[in-house]
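Q: Hi! Could you walk me through this structure?
A: Happy to, let's take a look together.

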Amino acid sequence: MLAFNSAAQQSLVKEANKAASGLTMTVDSYNKAFKKLQPALTHEETRERAETWALANRIKIEQYDKYMDNRRVGKKIDSKAMGYTLIDAYDYAMTALQLDTVFIVDKKAQPVIDKKTKRPKFKTKYSHDVVNRLISHHDDYRIVGSELYNIKDWNGAYKAWDDYCKMAARVDDPRWLKPDSLVAEVRYYQGIAAWQKGDTIDAVRLFCMARHGGYSRKEAYDYALVCLSDLGNETEVVRLAWEAFIKFGTSDPQYIRILINDFVNREDYSGANDLLDEAMDGNPNDDELLNLKGLVIESQESIYEALPYYQRCIELNDSNASGQFNVGRFFYNKAQETRQNSRLYGKRLADMVNPIYREALPYLEKSYKLNPNNEELVNALRDIYYKLGEAQKLQAIENQNQ
């Protein structure tokens, strides 16, 4: 019975081989040939044979070619099905090569080393054809990855691009290709696919591979910074921002903003000032840099010296939440100081300080609309509404922050 079952499975391989060798093959007839082969891919007698997987690889590669023939003559094709045909072909090839590569050993069971290549000798039967099929379709994996990405199949795009890069990296074996200049760029796009499918950690790894492989365009840094920020990895954000700043200078202020914030967080105001002055030489009207300059000056001196920078910041961009808050904070602090230093009380004190609170209010309310999560801002608004008797506004902000 066992012998009969084994022979039956081997017969399936032969039938599938014959079915895939017709002169008038179509996409559907390749599907039928593969269906004949499928049971042999899982049966214990045939799944361990390189011949089985080499045939699966050939059927899928030739089916892909048929898809391409149809496209060239203007027929409508299923791009996703075509892409996965090529992806499957790679996986079947890897299994075939693993099973087909038998290393030659000596009488002591030690690998025999080829004197020319200095690598272990091995013998194969199907590997030459399998590798040649992949090599001749190498660039197709890159193209298929783009097509799958365009239809938002992130997993398929990721896998096709990964197969492309793995083939190009197989320099350990003379049957494979040498690395090509597009690998780093493909790793970058693979990183975007990883990010799109929610694997942020892997996306960071791939963007790093792209940069180290020679893909040094700005977006390889920017996407990595977004991912690192999402992961909350501040140390790596700062490290990569330095790397980008050294390469791109002040052409994009985002890098220097990250670095200056790091200086401020570490209370290294001298370093922050030096870097800010360098950045503002090339970007004098950058609202974020002006706001940061104000914060550094305030930390070193006082908010009074910083106010002109905060005011210039919101003059350039009235949607800068931090700038609006800082101007409002100036007037709020001024009102608080006036209260503390005055000998007046009651209505006379209120008549003195309430106009200052009202000066602060439009800036703080604008900032609150832009960023309602600033707790210090919320507390300032609560205090002002209470002191000005703005009961309705006070209740509204209490309801929003319960």
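A: One thing to know at the start is that this is a predicted model. Let's begin with Asp230, which counts as exposed, with 56% relative accessibility.

Q: Cool, and where is the place of Asp230?
A: Asp230 belongs to helix H10, which covers residues 218–231.

Q: How far apart in space are Asp230 and Ile201?
A: Their C-alpha atoms are 9.7 Å apart, while in sequence the two residues are 29 residues apart.

Q: New topic: how many residues does helix H8 have?
A: Helix H8 has 14 residues, running over 183–196. From its first C-alpha to its last, H8 reaches 20 Å, close to the 20 Å expected.

Q: Is H8 mostly covered or mostly exposed?
A: Mostly covered, since ten of its 14 residues are buried. Among them are Val183, Tyr188 and Ile192.

Q: What do those buried residues of H8 pack against?
A: They pack against helices H6 (138–150), H7 (154–168), H9 (200–212) and H10.

Q: And what follows H8?
A: Gly198 does, and its phi is positive, near 90°.

Q: Switching again: how many disulfides are there?
A: The count comes to zero.

Q: Why is there no bond for Cys165?
A: Because its sulfur is 14 Å from the closest cysteine sulfur, in Cys208, which is too far for a bond. Cys208 is in no disulfide either, as the nearest cysteine sulfur to it, in Cys227, is 12 Å away.

Q: Are those two, Cys165 and Cys208, buried or exposed?
A: Cys165 is buried, at 1% relative accessibility, whereas Cys208 is partly exposed, at 25%.

Note on methods:
Residues are numbered from 1 along each chain as its sequence is written. This is a predicted model: local features need pLDDT of at least 70, side-chain atom pairs count only at pLDDT 80 or more; totals for chains, interfaces and linings use all residues. Side-chain values use heavy atoms; hydrogens and water are left out. A disulfide is a pair of cysteine sulfur atoms within 2.5 Å. Buried means under 20% relative accessible area, exposed over 50%, partly exposed in between (1.4 Å probe, protein chains only). Helices (H or I, at least four residues) and strands (E, at least two) are DSSP runs, numbered from the N terminus. The expected span of a helix is 1.5 Å times one less than its number of residues. Contact means heavy atoms within 4.5 Å.
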